[in-house]
Every structure is written in C-alpha cells, then in structure tokens.
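Here's a short set of exercises to work through with the coordinates open. Try each task yourself before reading its solution.

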Amino acid sequence: MPSYVFLETFGCQMNDSDSKRLLSFLKNINYIRTDSPEKADLIILNTCTIREKAEHKVYSALGKFKPLKYGSQHIIIAVAGCVAQQAGEALLKKVPYLDLVIGTHNIHLIEQLLKRVSEKKERISATGFFSEMNEAEYTVASHAEGARALVSIMRGCDNFCSYCVVPFTRGREASRNPDDILFEITALAKKGVIEVTLVGQNVNSFGRGTPNSFAGLLKSVLGIDGIERVRFVTSHPKDISRELIALFAGEGKLCAHIHLPVQSGSDAVLKRMKRGYTRQEYLDKIGLLRDARPDIAITTDIITGFPGETDADFDDTMRLIEEVRFDNNFSFMYSPRPGTVAASLEAQLPLEVKSQRLDVVQQRQREITEEINLSLVGRHTQVLIEGPGKLQSFEYTGKTSCGRVLKIILPFDMTGKLVDVEIIEAYRNSLRGELSQRTSVCC
Ligand code: SF4
C-alpha cells in the first residue's frame, strides 16, 4: 500500500531542488505525491527564511494543518528548509503538533527519521551540518519533471552578504564532484531530459580551491548527448569569469539568460551589503555578456530600503535600471533577518519609505518588461513546451531560451518538445506565438 505525501515549497530554486530530492527519497520508500493535505500521511513544508514575510507564511501554513493532526494521529507533519535549520528544537517547542524538523543538510536521512517518528513516536529536530559533500545527499536521475530537471551542483555560501541568512541556514560552500554531476545528467538525458538547470547559491564559485571551475563543468554538461538546453542559477556578479562569458558567445545550447542579482545601484549601499563589487564593475560585466550574446536576457534582484539608503542611493538604483534595462527584476523591501550584520545597522528605514521605493522599482520594471516583450513581436524563436495552458483548449505553455513564458495553440500535445515558433503578440508577463517553419533560438 502506498503512502501519500503533501509537500509545499516556499522560496528559491535551491528549495525547489531540495523538494525534488525529498520526493525522490520518498518515492524509494513508496510515497506518492498528493495535492490534498487531507489525503496525506505525511505533510512537509519546505521553508524559506530569506524574508520575514516568507517565514510568517510558514507559521500560518502550519496552523492550517493542526486540525488534521489532531483529527488523525497517524499523520506526520514535518518542516524542512531554512526555517527548520534556523529554528531547530525551538520550532518543536513552538508548534506542539509538529513531528519532525529536517535541516538543510539532512534531507537524505528522511527515511530513517520517518521510521523513528512513526515507530518510536519520537519528535525529532535533525539540523546537523555536514562539512564534507556527501554524494548520498543526492540521488541519480530520479527527480526529472518530464523533459526538464534541476540538478544541484553545490550547497551553501561563503559570501556573508550583510543582509543574508543563507550562510547560516545552508552552511559553508561545498561543491559536488564534477564526475558525479555529469553521471547524473547523462542518466537524466537517457530518461528523456533535454533541459537541465544547474542549481547552487553561487554557481560561479563552483569548485573553488580545486582545479575544477564552473565554466569547465558547464562545457562538459553542454557536451552531453541528448541535452539540448542548459541553464544555471544563481550567479554572483563578482565571480562571473571571462571563460564563462565566452561560453555564451559560442554555445547555442547555453540558454540566452542570466540571473545576475545586483541588489542596489549605489556603491555606498553595495559596500554596506558586502557584495564585493561596485556599480561600474557590475555594468562592465553586463557589457561583456551583451557583447558575447547580444540577445541575452538579464534578470536581477533588487532590495529597496536597505539601512541608510538615501534618496540619492535610490536614484542610483533607478538610473542603473534605466541603463541596463533588465528583462525582469525580483524586488523586495529590505527586511532585517535576525543574526545578520545588517539587522543591527543603524538607520533602519521606515516601512513606508521601503514600500514606496519598491512600488517605484516595480512600476518602472513592469513598463520596461512590456516594452522589451513588444519589441519581440515578429521574431522567430524556439520554445520548450512545458504542458497545457489553463485558458483555452489546445493551448500550451513553454519557455523560450531567454526564459520568457510563451503561450501557443498546438494541433496536438507536444509537451517536452522543442518547437519553432513565431512571436505574434506580447503582454506584460508573457508572449503568444504560432508554429513556424523557421529555426531560430533567439530571445
Ligand atoms: S551570495 Fe550573498 S545573498 Fe547570495 S546566498 Fe550568498 S550570502 Fe546570500
């Protein structure tokens, strides 16, 4: 008899990748995923603590499951991810109906942890850090979703940006062995995966301190038979190498998109954030990337209202947005995270200032994104079809090489296929296309 797991993921692609790993380990012990918490034997929230709001969401989501736990004692409720790592035992004390806290380095232990909870009725907080990279933490070729797969290549971060909890919740940076990664992707390709996304907190520092480099790994991945598209996330501007930028010029399978978080356009703020680059250094990297791949889409993260951010600092950010014309940005108000250097900085800004600046950034970005999308009408591109759309029959959605969502009416289900498309309409958040005979991988 199978058991059912309900899993909800909050936060970044790293968490997304961890959720897929959790599901792979659970599949091996006969768990099937369900969308219904009422049907579940195991409920897992894979959490994020990067912003205060994300953390609050977890507590309110947990509250929803309380009646289920008290209605049926056999249900196991677990919290994984960064909130789990940071709160540990305290989370068990705070939430009496919680059974299991799974830290970021403990995902691969899920089977034995569940056994202890169900057989010995223990309530467990497993939040130990393992400094060595252990291949048993990863599974081979089992977490693909059709034609696409996320592949974790490293964990942790050594950057200690002054606002960020990741080095505390995910530990020091450690890279997997390149041979293991290539073995995993080769196996995924044999199972029909054609697009892989290499995931890490700062993929550009992959292999630091060893003869391996991210560009070298990427080159090998691009050479794997059957892999047609390769993406990666996230990059740190200070670590992007010329070798990596050169790959954008010569490797068509490398998707024309980079997510390069800038956070602020002000040198003074960047310094207080401990980002390790200046505004000009960031702009120089953008210039090199665009020289290498003129159609590259560039997306970014921006924090508004960092402690001490003046009107002039904020103007610098807005000028940078105009200069770069990002394809999109993911912007948030600064929210102090306990234990970080920035949380204790003086000159914390009022909520209204942070929020008003956020509105300005987001409004301008919406306009730029729409302008860029409109400029693409009439172009030919290639789209990987991801599945049926929601609005019309025969409508499917997919993504361009640049990561734009495109909707298309297809004569039959082409999910998992790369199709040639002409862009015929553009909206703020998506494109519409129709099948084309012309092959092109632009935008
Ligand atoms: S690079 Fe900075 S913002 Fe990104 S995970 Fe590391 S510490 Fe956090």
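**Exercise 1.** Work out what percentage of the contacts in the protein with a separation of 6 or more comes from residues 24 or more positions apart.

*Solution.* Start with the contact rule: two residues touch if their C-beta atoms, placed from the backbone, lie within 7 Å. Then keep the pairs with a separation of 6 or more; residues 24 or more positions apart account for 72% of these contacts.

Before going on, know your input: this is a predicted model, where local features need pLDDT of at least 70 and side-chain atom pairs count only at pLDDT 80 or more, while totals for chains, interfaces and linings use all residues. Numbering starts from 1 along each chain as its sequence is written.

**Exercise 2.** Find which residues of helix H8 are buried, and what covers them.

*Solution.* Elements first: helices (H or I, at least four residues) and strands (E, at least two) are DSSP runs, numbered from the N terminus. Next, call a residue buried if 20 or more other C-beta atoms lie within 10 Å of its own, exposed if 12 or fewer, and partly exposed in between, with C-beta atoms placed from the backbone. In H8 (residues 214-222) that picks out Phe214, Leu217, Leu218 and Val221. They span an arc of only 100 degrees around the axis (using directions from the helix axis to the C-beta atoms), so they sit on the same side of H8. The cover over them includes helices H7 (178-190) and H9 (242-250), plus strands E11 (195-199) and E12 (229-233).

**Exercise 3.** Lay out the open sheet of three strands and say which strands stand at the edges.

*Solution.* Strands pair if DSSP finds at least two bridges between them. The order comes out as E13-E14-E15, with parallel pairing. E13 (257-259) and E15 (328-333) each have a single partner strand, so one side of each is left without a neighbour in the sheet. For a closer look, take E14 (residues 297-304): six bridges join E14 to E15. Ile302 stands opposite Ser331 in E15.

**Exercise 4.** Split the protein into domains and find which element gives the largest share of the side of domain 1 that touches domain 2.

*Solution.* Bounds from an automatic or database domain assignment give domain 1 (3-126), domain 2 (135-375) and domain 3 (380-435). The centres of domains 1 and 2, taken over C-alpha atoms, are 27 Å apart. Their contact takes 22 residues from domain 1 and 19 residues from domain 2. On the domain 1 side, helices H1 (13-28), H2 (52-71) and H3 (81-87) give two or more residues. H1 supplies the largest share, 10 residues.
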